[in-house]
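Let's walk through this protein together, one question at a time. Have a look at the sequence and the model first.

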Amino acid sequence: MKVFTLHVILLKTALISSAQLMYAEKRHQLVNVIEELNEKLQIQWNLLLTTEFNEEFEEALKEIKIPKFSLLANVEQCRECNLSTQHDNKILTMGYVVGEGMLQRESNRKMVESLAKSLLWQLHHTHILWIYENISSADLLEFAKAHWIAGYMNILYFVDGYLYSYSPVPDIQVKQLHNVRDYWERPMLRDFQRYPLTTTVLQNPPGCYRYINRKGRTITTGIYWRPLELFAKTFNFKLQEYPFKYDSFDYDALVRAIKKQQIDIVPGSFHRWGYSDRSRILRHMNYFLIVPSPELLNKEFYFYLPFKAELWIFNYLLLLATSGLLSYISFRENRLKRMDYIKSLMYSHNCLLYQFQFSVKGKGILTRALIFALFFYGLIAMNFYQAKLSSFLTINICEPKIETLEDLRATNLVFMTDRMNKRYIDNLTYVPEIILERLRLASFHFLYKALRDLNNTFVQGAPDYILQFALFQQKYLSKSLVHKIDTIIYQMPIYFTLRHQLPYKQQFDRFLTLLSSSGLMKKIVDDSLWEGIYSGEIRFFRDHKDAARGWLSFEYFKTPLIIWSLGMFLSFVLFVCEHLHYRYRVFRGK
């Protein structure tokens, strides 16, 4: 009996020793895996997530040389952290799931994954090492499916000394790896084998819109859509359209769909909206205003434009003063009974126009010097007037142009925008005061039609690529309907709106980077102008038929005809008055 007991004790001791050796070997293997990942992936620090600290595991972690940080998943304060705004992508997250019994381990696993989702918000593309004990292959497959939905693309599983990873397409499959090298040397997934990429089509030209071509086919295009379509073709995605009414402008419904992860990528930028992520920023666009262009002045006003109002007043005062002086000098030198101011006024007017039908008797040097100075000034003034009037009649003269925000302040125009842009403006630190004072809200439908029709009854605003698209319609107009104020109101980033935890966000960002650096993005923007014309989304505006007649119109000759008619009428009135005055003097015997 004693011999049997001794054998049992020896066997138990051997099993314990064997288990300790196996655990020590497993611990050493785990440390080697972590160190190799840190070295090959150029990791800068490690983050450990668990529910309870194991002394032996902590001893193993002490062998790792780079900085480490540990968090407990069952501590409430840890769940409120977010690393995306404080750390870069050079991080290796380790999720250590332990517990006595299957139910305890499952509860701990859910807590660790919940903490990982909170901490790695917008960092889901970083590398994660999950450490499990005593789980089946079926459970591991379920974990992999959950991790794919959570957006964890770079996953390595360490299960009882064995390494696993998963392939997401065409179906999620867990694959065993021979060593760590198989993980960090694996190529980036480029063939998604027609995996569905859910998106939607917005009525937001030139960013995204659709039209029906001559063959009756519905074509979707736009600055946002074409890169997305090219990405799906390059990585073998299947574009799947989310059921969204094309012309509804119901962006709240889209945000709710993004929150529920029903849409993967939206071909547009949703600024200041929660529950969504974004791609890399393609570029920063300037937000400008477009205002009504100045109207053409009527031709009858062209005749007083060569001289400013001050110069007109000076000429009339000079004419009156010179006439009075000549009348006084003639009265003194010729010893007349009374001054003939009217005759002097007509003579001064003729001198100013260098025309001499009659003269005023003046024998002195002062009179002749005054007449010569008046003639010389009239020669210069009349030639200057005729030259400017000829140039004005050749070109079109417009009202003062609105070129700055101060010019806009002098008008009563209001600035109309939609509530999405107002939400963005409300979060900016500085916006010109005139914008906030004149801001009025309008519906998306109204502003879409107003920009497409170049409505010039109020002020509109948009990023420069949208304004360039809309103003392209004025290419063949002799006078534009609206024009852009060069003052930058604010800048806004241009990007794609993504759902949170999108697994292939890293591939999409790299694709956009290559697309921009290759110059294809610029070509897409340039081609969007003529594509808008071909699609019928925009059209070229034409001049009015009356403007096409040019100078041979009544408006062009109306003002000279009115001036000539008034002159003839005044001459006739003066002739009648002189004739009546002469008859009156004859009647009185004088």
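Q: Which residues make the nonpolar surface patch of about 590 Å²?
A: Keep in mind that this is a predicted model. The patch is nonpolar and lies on the surface, covering about 590 Å². Its members are I313, L317, L320, Y341, I342 and M346.

Q: Which elements give two or more residues to that nonpolar patch?
A: Two or more patch residues come from each of the elements in question. They are helices spanning 309–333 and 341–352, namely α8 and α9.

Q: Is I313 buried or exposed?
A: I313 belongs to helix α8. The cut-off for exposed is over 50% relative accessible area. I313 has 52% relative accessibility, so this residue counts as exposed.

Q: Where is E63 found?
A: Look between residues 55–61, which form α2, and residues 68–72, which form β2. E63 is partly exposed there, with a relative accessible area of 41%. Its place is the loop between α2 and β2.

Q: Which residues is E63 in contact with, leaving aside its neighbours within four places in sequence?
A: One partner, E35, sits 28 residues from E63 along the chain, with 9.0 Å between their C-alpha atoms. With neighbours within four places set aside, the contacts of E63 are V31 and E35.

Q: What percentage of the residues in the protein is buried?
A: The whole protein has 19 helices and 19 strands. Buried here means under 20% relative accessible area. Of the 590 residues, the buried share is 42%.

Notes. Residues numbered from 1 in each chain as written. Predicted model: local features only at pLDDT ≥ 70, side-chain atom pairs only at ≥ 80, totals over all residues. Heavy atoms only, no water. Patch = residues over 30% accessible without salt bridge, like charges linked within 9 Å, V, L, I, M, F, W, Y side chains within 5 Å. Areas by Shrake-Rupley, 256 points an atom, 1.4 Å probe, with all protein chains shown as cover. Salt bridge = Lys/Arg side-chain N within 4 Å of Asp/Glu carboxyl O. Helix = DSSP H or I, 4+ residues; strand = E, 2+ residues; numbered from the N terminus. Buried < 20%, exposed > 50% of the residue type's maximum accessible area, 1.4 Å probe, protein only. Contact = heavy atoms within 4.5 Å.
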